[in-house]
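Reader: I am new to this structure and would like a close look at a single part of it, the second largest pocket. Could you take me through what lines that pocket, and then through the parts that share its elements or offer a contrast?

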Amino acid sequence: MRASGIIMHISSLPSPYGIGTMGKEAFRFVDFLHRAGQKYWQVLPIGPTGCGDSPYQSFSAFAGNPYFIDLDILIEKGLLTKEEVRSVHWCDSDDKVYYGTIYENRWPVLRKAYHSFKKSVPADYSKFLAENMDWLMDYALFMALKDKHEGKCWLEWGEAKFCESEATANYRKELREDMNFYCFLQYEFYAQWKKLSDYAHHKGIKIIGDVPIYVPLDSADVWSRPELFQLDEERKPTGVAGVPPDYFTADGQLWGNPLYDWEVIEKDNFAWWTERLKAAGKLFDVIRLDHFRGFASYWNVPYGDKTARGGKWVTGPGKRFIDAINTIEGIDFIAEDLGVLTPDVAELMEYSGLPGMKVLQFAFDPSGTSSYLPHSYEKNCVCYTGTHDNATLAQWIDEAGEAEMGFAARYLGLSEAEGNIWGIIRGGMCSAAELFVAQMQDYLEIGEEGRMNMPGFLNGQNWRWRADGNMLTDELAVKIGEMTRRYGR
């Protein structure tokens, strides 16, 4: 069925508390999507963020981001007072996330909520702990140890860097209260997400989530399950992830994530991966599999290299992985098949049968041969104006070369009356792609200031854009809805 949706990360929602949450503005955004005739809401990864504030570098592949817990809901539950929340300085302006300020101020407030929670623990709390025991206790201990070691990477924890050591076992007793705090945060996160996703479903909106292919070295997953990764006896990586040099990056991109030991993972039929995807399936209706080409072959860079130039291609799990995830019921997938697409990737895409991604910003090569041009799409794909890694449409239009923009204008019949942004959106809406998705920033016609991420650059500006609550107007919803209906979505 033809459909369309909008990308809007939770962090970008309006909020008086410095970052978007799962509170009333999230419900209001669902209402906006419904009025605009959309059937999908796509979010970025929702795990707890670490270095660089990237949602793709999370402390856990299973946990939710405590920053997204809505404080007003905690007030309504009697866990906080209005004064405890509103007396705090949360941000300098409402158009950006100030992660440093939130880091300093959000945790003390959440601790207060936990102390109130302990006085009257809900009846379903024990059930939540039991259902999530496989990952929750290791995650809670990991975070408690991270606090004890002043945020240092677990490789610097002495004997506690070995999850199975006697020192770690002793910490499980010593840090029990801190572990309980982190369990409480996950209970609140999942409870709030459940109410939000139930409301979205009631409004006919499905949620597309994003599962990064890799987890960071400094994560509960690598610390607690080192056998799944390519590590030496001291738990340091032997190789790390990245992508090779290309037209855009002469040195490639050095991500630094530890690589999976696929031979070990396959021995139990990819159990860790299937459990990870099942957990994500409890949160999302559709899962975008990030860096799909890494399942065909991945770029292995020697640990310690300063760039990705010295890497090499290594064969991934391929069809065996696809067979394993196909046993998971009730989840639809989208394959993020962008980047360097070698024949093995094309073969794996065909074998999987999953819809791939088409990005309009990549389409308008003046030679006119791009597979991203809408007339070349098969039905089984998802068309995007751009992703979180791309410029907004307004910025792309400003920066596109004359030949590129001229071809786009001729191909799409762009006009001043319609506007270039809406003309490009129309090109995606009327394409054969079964699903069309645009960034909220594109509908709002926001320029460079709305860009979510500049890949490969730790410039302090990534992941920070936030919407103003006044932007999501009824007039805009009507305009989006009219185009959506016109093209049968």
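Author: A pocket here is an open set of grid points with protein on both sides within 12 Å along at least five of seven lines, and its lining residues are those that have an atom within 4 Å of a point. The model is a predicted one, and everything that follows should be read with that in mind.

The second largest pocket has a volume of about 890 Å³. Its lining is made up of 33 residues, and E131, N132, W135, Y190 and K282 are those that lie nearest its centre. Helix 5, helix 6 (133-148), helix 8, helix 9 (220-224) and helix 11 (271-281) are the elements that each give two or more residues to this lining, and the largest share, eight residues, comes from helix 8. In character the lining of the second largest pocket divides into 14 nonpolar, six polar and 13 charged residues.

Two of these helices are also linked by an aromatic pair. Across the whole structure, a search finds 53 aromatic pairs, and one of them joins F128 and Y187, whose ring centres are 5.7 Å apart and whose planes stand at 75°, so the pair is edge-to-face. F128 belongs to helix 5 (residues 125-131) and Y187 to helix 8 (residues 176-202), so that this pair links distant parts of the chain, 59 residues apart. F128 has a relative accessibility of 8% and counts as buried, and for Y187 the value is 8%, which also counts as buried.

A second edge-to-face pair is formed by F362 and Y372, with 5.5 Å from centre to centre and 70° between the planes. F362 and Y372 both lie in the loop between strand 10 (356-359) and strand 11 (381-384), so this pair ties together parts that are 10 residues apart in sequence. F362, at 35% relative accessibility, counts as partly exposed, whereas Y372, at 14%, counts as buried because it falls under the 20% limit. The ring of Y372 also has a charged neighbour, for K358 lies over its face at 5.7 Å from the ring centre. Another arrangement of this kind involves R111, which lies over the face of F181 at 3.9 Å from the ring centre.

Helix 11, already met in the pocket, appears again in the lining of an enclosed space. The structure holds four cavities of 30 Å³ or more, and about 250 Å³ of space lies in the largest cavity. That cavity is lined by 23 residues, with G47, S60, A61, D210 and P212 lying nearest its centre. Strand 3 (206-211) and helix 11 each supply at least two residues of the lining of the largest cavity, and helix 11 gives the most, with three residues. The lining of the largest cavity divides into 17 nonpolar, four polar and two charged residues, while the lining of the second largest pocket has 14 nonpolar, six polar and 13 charged.

A last place to look is S11, in the loop between strand 1 (3-7) and helix 1 (24-35). S11 counts as buried, with a relative accessibility of 1%. Leaving aside its neighbours within four places in sequence, S11 is in contact with I19, G20, F68, V97, Y99, M452, W463, W465 and R466.

Key. Residues are numbered from 1 along each chain as its sequence is written. This is a predicted model: local features need pLDDT of at least 70, side-chain atom pairs count only at pLDDT 80 or more; totals for chains, interfaces and linings use all residues. Side-chain values use heavy atoms; hydrogens and water are left out. Rings of Phe, Tyr and Trp (its six-membered ring) pair if their centres lie within 6.5 Å; planes under 30 degrees apart count as stacked, over 60 as edge-to-face and the rest as tilted. Helices (H or I, at least four residues) and strands (E, at least two) are DSSP runs, numbered from the N terminus. Buried means under 20% relative accessible area, exposed over 50%, partly exposed in between (1.4 Å probe, protein chains only). A charge sits over a ring if NZ of Lys or CZ of Arg is within 6 Å of the ring centre and within 35 degrees of the ring normal. On a 1 Å grid over the protein atoms alone, a cavity is a set of points where a 1.4 Å probe fits but cannot get out, and a pocket is an open set with protein on both sides within 12 Å along at least five of seven lines; lining residues have an atom within 4 Å of a point. Grid points are joined across faces, edges and corners, and a volume is the space filled by probe spheres set on the points. Ala, Val, Leu, Ile, Met, Phe, Trp, Tyr, Cys and Pro count as nonpolar, Asp, Glu, Lys and Arg as charged, and the others, Gly among them, as polar. Contact means heavy atoms within 4.5 Å.
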